[in-house]
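Got the viewer open and a hand on the selection box? Let's take a walk through this one, stop by stop.

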Amino acid sequence: MRIGVVTFPGSLDDHDATRAVRVAGGEPVALWHGDADLHGVDAVVLPGGFSYGDYLRCGAIARFAPVMDVLVPAAKGGLPVLGICNGFQVLCESHLLPGALIRNDHRKFVCRDQVLRVENTATAWTSDFEQGQEITIVLKNGEGGFVADQRTLDELEGEGRVAFRYVVRDGDGLGGRNPNGSYRDIAGVTNERGNVVGLMPHPEHCVEPGYGPSLDGLPFFTSVLTSVVNA
Amino acid sequence: MSTLETSHSKPALDTVSAASGTPEVEQPWAELGLKPDEYQRIRDILGRRPTSSELAMYSVMWSEHCSYKSSKVHLRQFGDKTTDAMREKLLVGIGENAGVVDIGDGWAVTFKVESHNHPSYVEPYQGAATGVGGIVRDIMSMGARPLAVMDPLRFGALDHPDTHRVLPGVVAGVGGYGNCLGLPNIGGEVVFDSCYQGNPLVNALCVGAMRVEDIHLAKASGVGNKVVLFGAKTGGDGIGGVSVLASETFDEGGPTKRPAVQVGDPFAEKVLIECCLDLYAAHVVDGIQDLGGAGLSCATSELASNGDGGMRVHLDLVPLRDASLRPEEILMSESQERMMAVVEPGKLEEFLAITRRWDVEATVIGEVTEGDRLEVLWHDEVIVDVPPRSVAHDGPVYERPLARPAYLDGLQAAGPQDLPRPGTGDELRDTLIRLIGSPNLCDKSWVTDQYDRYVRGNTALAMPDDAGVVRVDEESGRGVAISTDCNGKFAKLDPYAGAQLALAEAYRNVATAGATPLAITDCLNFGSPEDPGVMWQFAEAVRGLADGCQQLGIPVTGGNVSFYNQTGDVAIHPTPVVGVLGVMDDVARRTPSGWKTPGQVIYLLGT
Amino acid sequence: MGTVVIDVMLKSEILDPQGQAVAGALPRLGFTQFTDVRQGKRFELTVDGEVTGEVLAAAREAAEKLLSNPVIEDVVRVAELTDETAGQPA
Amino acid sequence: MGTVVIDVMLKSEILDPQGQAVAGALPRLGFTQFTDVRQGKRFELTVDGEVTGEVLAAAREAAEKLLSNPVIEDVVRVAELTDETAGQPA
Ligand SMILES: Nc1ncnc2c1ncn2[C@@H]1O[C@H](COP(=O)(O)OP(=O)(O)O)[C@@H](O)[C@H]1O
């Protein structure tokens with residue numbers, strides 16, 4: 001099972017994503033932004049970071065990288081793609097996923113251990129979770145506020161395409177709000193087919209005992225191995 | 001920019017031959033901060049008056065900040081009091097960009113703490129950001145991959161309006177730059193005291209690792225080897241002070257505005273890190289130096305001084321962001337995200353292929369020459385011809401007068417015995433609440449949550465623990481623990497003991513995390529060295545630290561001195577920030593602070 | 001040498017945290033007359049020659065394709081930078 | 001209801017990483033005519049009534065005091081938003 005991890009200039013968590021694929025039992029394959037070739041991989045991870053510094057808008061410039069020219073049609077054809085944080089932003093800018101990510105409502109970067117609820121276990125990246133399961137993974141972003149117009153939001157809800165939601169609880173230090181101002185507490189979404197998933201929090205930081213707050217990130221990567229076998 | 005042609009046609013270029021023929025020309029050495037005897041010494045070294053470019057180089061390299069002229073005589077103790085046993089794990093000691101220690105299994109670790117205090121007061125965000133950027137390049141230039149950063153910070157009173165300008169900017173700058181570089185922030189300090197009101201302290205530490213055989217040094221050797229400048233273009237950043245020179249050479253109107261602040265581009269630095277690591281892996285780098293304070297003046301003179309030949313640099317080949325820059329200004333520019341490498345001609349093609357892959361601009365601007373001179377040319381005219389050692393290493397050394405401050409007796413006599421004590425339960429409760437609610441003791445997550453502590457997935461401990469712990473070797477789990485500490489109030493009461501207390505605290509924090517302490521870095525933040533009282537504090541603190549290191553048996557491997565942290569006559573508390581680094585076989589076995597499960601037994605150790 | 005100015009603003013239905021922060025800070029500084037603030041981006045693109053109709057058309061295309069995200073933003077202006085659009089903060 | 005536009009740009013001698021990133025991306029998208037790009041901020045401040053001289057003066061003061069950092073930025077425009085300054089991206 002070969003899973004590609006794309007490196008853009010400014011990618012930061014490509015190394016972690018590679019490790020997570022390996023820990024889950026897959027074979028990581030390094031993909032380069034300037035190389036318009038997926039090298040026959042079975043799935044792709046777009047990792048976190050600040051591609052091109054994210055100076056214009058997060059993911060806006062990475063979207064035009066040569067590797068995206070081959071990734072976008074492949075994703076439309078059913079290739080499993082996971083976008084984490086900056087990767088999620090790239091997927092939105094590429095219109096593979098709806099909506100956009102804007103500056104956190106409190107305008108600060110935030111790094112914390114965050115509880116999410118898994119809302120959809122029918123995707124290529126979530127099948128090893130239980131419906132409604134609560135997981136704790138790392139959240140770290142400056143521009144993680146998920147926004148879209150009302151119609152799109154209603155459509156996402158109606159079609160069950162909200163994949164993850166921030167669990168908002170009293171006493172978690174956020175005053176009853178989600179960590180970045182995302183509309184309807186949306187942390188991650190999927191496309192209709194369920195092969196493309198994007199989320200702001202970072203499962204790849206939660207796969208090894210002793211590092212990170214949990215092992216709750218592992219099922220993302222084991223799910224895709226199963227889904228590729230079953231495909 | 002259309003200014004290029006005009007600047008060339010200006011007749012005012014001050015060449016070596018012009019300088020030889022015009023010994024009587026008045027030069028603005030005093031405005032550049034040189035003392036009369038220092039200027040005379042430059043004339044003696046050169047046997048003529050310096051050119052304006054040479055004057056610029058000497059003035060900045062002989063500044064307190066670059067030459068350590070007031071601190072050198074004291075810092076020597078760090079070497080003198082280091083025994084052979086303490087040196088056992090030391091691969092590179094004081095004198096290089098950063099010290100390097102052997103942590104076993106063929107791994108070497110380098111770490112260092114530096115200050116960026118004054119720039120962070122002027123422009124908090126960019127000052128702090130470029131402070132992080134600078135220390136990370138220091139670590140990169142040793143051949144290492146940077147692993148993590150830390151940020152010991154000191155601010156004025158929390159409720160002072162200016163703190164509301166400085167603190168959010170500094171924290172956002174440290175985070176903005178470090179987060180974008182993909183370096184976990186694994187610790188630091190946030191301390192409030194009104195003594196830092198006009199002089200906040202922004203210290204930044206970086207730790208990096210490499211295989212022992214991959215250590216790189218800042219030296220230019222091998223006649224015919226190429227000198228390559230790579231990374232960002234050179235702009236007019238941080239050359240405010242040198243404008244007096246430029247204005248001498250401009251006929252009308254003076255130079256265009258030169259910014260006093262540098263703006264960081266963390267994306268450019270991230271790309272530079274990856275590019276450098278690819279260059280090291282391909283073995284195409286013979287010597288390397290980062291460009292920080294004093295820019296090209298520092299990089300060229302240090303590389304040449306540490307090497308075994310001379311160096312010739314064609315300054316007009318330096319890629320510019322602002323074409324109106326004069327040669328003096330190009331030599332001085334503190335533009336960020338630049339590096340200088342020495343490359344064998346046969347490896348140049350491969351070197352350039354790697355920089356192209358990362359979209360990093362690289363330009364051959366000179367070569368290593370026979371002989372022992374550093375020559376800088378501007379369109380084929382020689383504008384600098386100096387012995388590089390005289391610029392980089394043989395600057396002035398001062399034994400400044402010391403005097404124990406008179407106020408100390410009173411301060412030390414006023415012990416806690418005279419303080420009111422809580423008498424009732426209510427008073428005790430009130431005291432406790434005030435303590436735990438005070439900005440110096442309260443939870444710091446409002447700061448640290450703005451820093452990425454997880455990136456690269458090797459962080460085994462970070463805030464709120466007393467030491468940061470990161471894995472170096474992913475196979476074995478071998479890694480390092482680091483803590484930085486200092487209590488400026490203790491150091492004010494007794495700088496000798498205060499420095500030792502800082503050392504002891506950092507040492508304990510590393511040890512209790514489960515690591516064996518190996519090495520020390522320090523950032524000595526003080527007032528003006530021209531004040532004998534401050535100089536006495538400094539001397540005492542260094543003596544205390546050196547003695548403490550000897551007792552603990554671990555060496556100081558590098559650090560930084562920041563003087564002139566004072567407003568008018570009032571200096572900050574002496575603040576010798578000490579960083580201790582320890583090693584662990586497997587960082588997954590580290591000990592967090594704080595109990596985990598009910599039923600655990602609590603022991604109190606020590607006296 | 002000519003310059004094209006491109007202005008991009010968040011759509012009015014999208015939350016603008018930066019604009020809100022400014023709106024919150026203004027009254028504290030004594031500016032009570034402003035009822036709302038939105039923050040957007042201004043780009044200045046330089047060309048070597050004149051700003052021709054062709055250049056403006058290219059700038060418009062770049063604005064739509066790269067400089068703005070139509071999901072959240074509107075391009076509100078693409079124009080040659082003249083002295084008058086530059087304006088003088090007297 | 002009136003609106004004041006305030007434009008703030010980095011001083012020309014200050015490094016502009018944002019503009020550089022855009023300048024680097026444009027040629028890759030086939031836009032080769034642009035030789036430089038600078039990125040700044042645009043603020044739109046709303047007032048309930050007319051944009052009077054007083055309002056403009058207040059906006060100018062707010063621009064200098066809060067909306068720009070004089071160490072690295074210049075306020076390049078403070079003006080009433082009219083249809084014409086709004087411009088139409090045809
Ligand atoms: N407080 C200090 N303790 C130990 N070594 C120091 C201290 N300050 C400076 N040094 C060492 O002196 C040398 C010269 O400083 P350096 O870092 O090269 O200066 P800069 O980086 O400011 O140009 C370095 O090796 C540095 O580690």
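Start with Lys41(D): among the residues of chain D, its C-alpha comes closest to the rotation axis, at 2.2 Å. Keep in mind as you click around that this is a predicted model.

Now show chains C and D together. A turn of 180° with a shift of 0.0 Å along the axis lays chain D on chain C, and the RMSD is 0.2 Å. The two copies are thus related as by a two-fold rotation axis. Colour the contact residues and you'll find that the same surface serves both copies, as 100% of the contact residues of chain D recur in chain C.

While all the chains are on screen, which pair has the most contacts? Of the five pairs of chains that touch, that is C and D. Chain B and chain C, on the other hand, do not touch, and 10 Å separates their nearest C-alpha atoms.

**Chain B, first sheet**

Hide everything but chain B and pick out the seven strands that run in the order β8-β10-β7-β11-β9-β12-β13: they make an open sheet with mixed pairing. At the edges are β8 (287-290) and β13 (381-386) of chain B; each has a single partner strand, so one side of each is left without a neighbour in the sheet. Look along the sheet for the twist: neighbouring strands are turned by 20° against each other on average, ignoring direction.

Zoom in on residues 226-231 and 338-343 of chain B. These are β7 and β10, an antiparallel pair joined by six bridges. Select Val227(B) and look across to β10(B), where its bridge partner is Val342(B).

Next, bring in two helices that pack on this sheet. Helix α4 (residues 52-61) of chain B touches β12 (374-378) and β13, and its direction makes about 35° with that of β13(B). Helix α12 (residues 295-306) of chain B touches β7, β8, β9 (310-314), β10, β11 (362-369) and β12, at about 25° to the direction of β10(B).

Just before β7, stop at Gly224(B), in the loop that links β6 (201-211) to β7 of chain B. Is Gly224(B) buried or partly exposed? Its relative accessibility is 27%, so Gly224(B) counts as partly exposed. Measure across to Val343(B) and you should get 9.2 Å, C-alpha to C-alpha, for two residues 119 apart in sequence. Setting aside neighbours within four places in sequence, the contacts of Gly224(B) are Pro345(B), Glu367(B) and Val368(B).

**Chain B, second sheet**

Stay in chain B for another open sheet, again of mixed pairing, with six strands in the order β14-β15-β16-β21-β17-β18. Its edge strands are β14 (459-461) and β18 (556-562), each pairing on one side only. Here too, neighbouring strands are turned by 20° against each other on average, direction ignored. Zoom in on β15 (residues 468-471) and β16 (residues 479-485), which run antiparallel and are joined by four bridges. Arg471(B) is a handy marker, standing opposite Gly479(B) in β16(B).

**Into the cores**

Bring the other chains back and show side chains. The largest nonpolar core has 226 residues, and those with the most contacts inside it include Phe221(A), Phe230(B) and Ile6(C). Which helix gives the most to this core? Select residues 266-281 of chain B: that is helix α11, with nine residues in the core. Then centre on Leu46(A), whose contacts beyond four places in sequence include Phe8(A), Met68(A), Leu71(A), Ile84(A) and Leu91(A). A second, separate core has 45 residues, among them Leu229(B), Ile330(B), Leu374(B) and Trp378(B).

**Last stops, chain A**

Select residues 218-230 of chain A. This is helix α5, whose 13 residues reach 19 Å from first C-alpha to last, close to the expected 18 Å. Its buried residues include Phe220(A), Phe221(A), Val224(A), Leu225(A) and Val228(A).

Finish at Cys85(A), in the loop between β4 (81-84) and α3 (86-93) of chain A. At 7% relative accessibility, Cys85(A) is under the 20% cut-off and therefore counts as buried. Gly198(A) is 113 residues away in sequence but 7.6 Å away in space, C-alpha to C-alpha. Show what surrounds Cys85(A): its contacts beyond four places in sequence are Gly48(A), Lys140(A), Asn141(A), Leu199(A), Met200(A) and His202(A).

Definitions and conventions: Residues numbered from 1 in each chain as written. Chains lettered and ligands numbered in written order. Predicted model: local features only at pLDDT ≥ 70, side-chain atom pairs only at ≥ 80, totals over all residues. Heavy atoms only, no water. Pairing = 2+ DSSP bridges. Axes fitted to C-alpha atoms, helices over the stretch in contact; angles between N-to-C directions. Contact = heavy atoms within 4.5 Å. Least-squares fit on C-alpha atoms with pLDDT ≥ 70 in both. Core = buried A, V, L, I, M, F, W, Y, C linked by side-chain atoms within 4.5 Å. Buried < 20%, exposed > 50% of the residue type's maximum accessible area, 1.4 Å probe, protein only. Expected span 1.5 Å × (residues − 1).
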